[in-house]
Amino acid sequence: MKLLFWNPICYPCLLLVFAFLTLNCTKISSTPPPQVSSSTKHLDRHINAVLKKEGIQPSELSKDAEFLRRVHLDMTGKIPTPEEVLDFLRDGSPSKRQKKIEHLLQSEASINYWTRLWVNWLIGRSDDDDFYFGLTYWVRDALKKNMPYHQFAQALIAADGELRHNGAGNYIQRYDNSPIILTSHTSRLFLGLPMQCAECHDHKTEVWSQEDFYGIAAFFTGIESERKEDIQTVDMMGNELSMENFLITDTAENAIWAERLKKQVRPHFLDGTAYKGPLRKKREALAQWMTDRSNSYFSQAIVNRIWKHFMGRAFVEPVDGFGEENPPTNPELLKWLANDFVIHEYNLQRLMRTILNSETYQRTSETNQSNKDDELYYSHAYVKPLSAEQFFYSMLQATDFERLQQVKMEGSKKQGGEDRRNLLQTLEERKREHLRKFLFLLDNGEMEEIEAFNGTVPQALMMINGSMVNDSVNHEERGSFIKYVLGKWRDPIERMEYIYLNVLSRLPTAKEKTYFRRYLERSLYSNKKLAYEDLYWVLLNSAEFSLNH
């Protein structure tokens with residue numbers, strides 16, 4: 001399957017020269033598959049049975065390089081390093097994929113990436129307030145401990161006490177303790193229910209009414225925040241940090257005024273059952289009800305969200321659109337995975353392991369005649385745009401940004417212990433600054449759920465003219481990636497191979513090597529080093545780089 005260049009502002013001659021770039025998607029060798037759990041086997045049996053019923057032939061398993069790039073993007077938010085690719089390709093173990101998955105599940109890179117994902121899902125991308133930092137610390141600790149998901153959700157919904165002792169309270173505080181906003185967001189994220197429409201009127205297509213909406217909102221009434229002494233801490237780079245601290249408590253408020261209904265609504269659950277417990281414990285009761293084993297929405301919503309992250313398409317679309325209007329594409333599998341998740345104590349890592357080890361996840365994105373139009377049954381890997389963060393952090397990797405910045409900074413001063421610490425702090429600040437600029441370019445004014453990098457004109461201009469790319473591609477720039485490659489290797493093919501490994505996470509095909517040799521021989525450049533700049537620039541601007549396949 002060919003992936004055409006998304007960039008509409010490429011040099012025409014380069015597009016012609018490198019039109020041969022394709023996904024390297026031939027069949028995987030007949031290596032025995034890694035050992036998998038009974039849950040993974042059940043998943044594959046179900047998918048294969050549906051495909052057989054629909055008369056669809058599934059695609060082959062992905063090649064090792066394709067699998068490695070995909071699982072790195074999905075688990076760490078960035079492409080693997082050239083060294084990681086080569087190590088994986090050279091590993092002859094039949095269980096190397098399972099071992100790689102296990103390694104990534106436990107890695108710091110994975111914890112950091114999923115922390116960012118969860119904080120984005122909870123409160124959005126705004127990283128310039130204390131609530132963001134406080135919640136980040138709490139989420140990261142919860143994921144590192146693999147906190148059972150039902151406890152994770154309960155802690156956020158019912159959070160109280162001082163923020164210095166309970167960082168989960170930053171979720172409540174971020175929304176100004178608003179019953180309306182908390183009802184809308186909590187129902188969407190944790191139950192997959194788009195109840196926000198019922199704030200103003202009974203839902204047009206679902207059973208939820210205004211009475212239902214305000215019945216849930218009543219559980220969030222009476223939350224009070226009292227300012228306390230600021231929290232003194234340090235960030236991950238050792239910088240001193242002072243954060244606002246609040247004491248969150250619940251009052252005995254027993255109802256919420258619904259303006260359109262012209263009445264007070266008392267707390268009651270979606271099944272109509274009125275809450276009759278202690279009013280200061282009503283959020284705790286709501287959290288228990290939402291995460292109860294009998295509430296299938298809770299387990300199905302998170303399975304649906306994790307499935308979409310890995311597979312590109314959810315069982316229910318949109319992920320927070322459960323209801324009669326959006327029936328699941330594979331209802332039996334969704335229900336089974338949700339039940340399996342509950343049986344195994346809401347273990348998020350186990351859920352991820354179940355999906356990642358499946359043949360369904362590991363299929364190639366190259367289609368065949370029978371499955372080329374399949375958009376429902378997961379007969380092949382669905383090509384998906386990188387998320388904003390995936391694209392940004394992969395760009396950092398592909399441009400060798402950290403090494404280039406260190407070379408620049410080290411050249412300006414001697415390196416003592418304190419200088420080294422300052423250098424690392426400066427590097428993180430520059431990365432954060434670049435990320436803010438990048439997200440600003442991608443901002444479309446929508447909710448935080450809109451994450452895909454879609455290749456708009458401002459982003460294309462940034463790719464072509466941005467300092468991150470230009471500094472890295474210039475063979476005369478001290479510390480640039482191309483200068484490093486030219487100095488490290490003399491053989492043209494070795495140089496080419498490393499560029500491919502660094503950008504596309506694979507080795508070039510024989511056909512690609514032949515094309516590049518011809519380009520070197522026939523180019524009009526008197527300085528052949530410029531040909532390597534062209535190759536690197538085109539790969540960075542290719543669809544193969546900007547898509548997760």
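I take partly exposed to mean a relative accessible area between the buried limit of under 20% and the exposed limit of over 50%. Lys-228 has 30% relative accessibility, so I enter it as partly exposed.

**Confidence**

I am working from a predicted model. I looked up the confidence before anything else. The protein chain has a mean pLDDT of 86, and 80% of its residues reach 70 or more. I marked residues 4–34, where pLDDT stays under 50. The model still gives that stretch 81 contacts beyond four places in sequence. I also marked residues 444–453, again with pLDDT below 50, and noted 30 contacts there beyond near neighbours in sequence.

**Whole chain**

I counted 26 helices and seven strands in the protein chain. Of its 549 residues, 53% count as buried. Among contacts with a separation of 6 or more, 71% join residues 24 or more positions apart. The chain exposes about 24,700 Å², and carbon and sulfur atoms supply 50% of that area.

**Strands**

I followed β3 (residues 240–250) and found it paired with β1 (residues 161–162) in the antiparallel sense, over two bridges. Glu-162 has Leu-247 in β3 as its bridge partner. Strand β2 (residues 223–234) also runs antiparallel to β3, and ten bridges join them. I found Lys-228 opposite Asn-245 of β3.

I then returned to the side chain of Lys-228. Its salt-bridge partner is Glu-226, with the closest N and O atoms 3.4 Å apart. Glu-226 has 43% relative accessibility, so I enter it as partly exposed too.

**Helix α22**

I checked burial along α22 (residues 481–488). Phe-481, Ile-482, Val-485 and Leu-486 are buried. Seen down the axis, the buried residues of α22 fall within an arc of 130°, so they line one face of the helix. Gly-487 and Lys-488 are exposed on the other side.

**Salt bridges between helices**

I searched the whole structure and have 24 salt bridges on the list. I looked up two that link distant parts of the chain.

Lys-96 and Asp-64 meet at 2.6 Å, N to O. Lys-96 is in helix α5 (residues 96–106) and Asp-64 in helix α3 (residues 64–76), 32 residues apart. I find both residues buried. Arg-97 joins Asp-64 and Lys-96 in a network of salt bridges.

Lys-144 and Glu-108 form the other bridge, with their closest N and O atoms 3.4 Å apart. Lys-144 lies in helix α7 (residues 130–144) and Glu-108 in helix α6 (residues 108–123), 36 residues apart. I enter Lys-144 as partly exposed at 47% relative accessible area, and Glu-108 as partly exposed at 38%.

Technical notes
Residues numbered from 1 in each chain as written. Heavy atoms only, no water. pLDDT = per-residue confidence, 0-100. Contact = heavy atoms within 4.5 Å. Helix = DSSP H or I, 4+ residues; strand = E, 2+ residues; numbered from the N terminus. Buried < 20%, exposed > 50% of the residue type's maximum accessible area, 1.4 Å probe, protein only. Areas by Shrake-Rupley, 256 points an atom, 1.4 Å probe, with all protein chains shown as cover. Pairing = 2+ DSSP bridges. Arc of directions from axis to C-beta. Salt bridge = Lys/Arg side-chain N within 4 Å of Asp/Glu carboxyl O.
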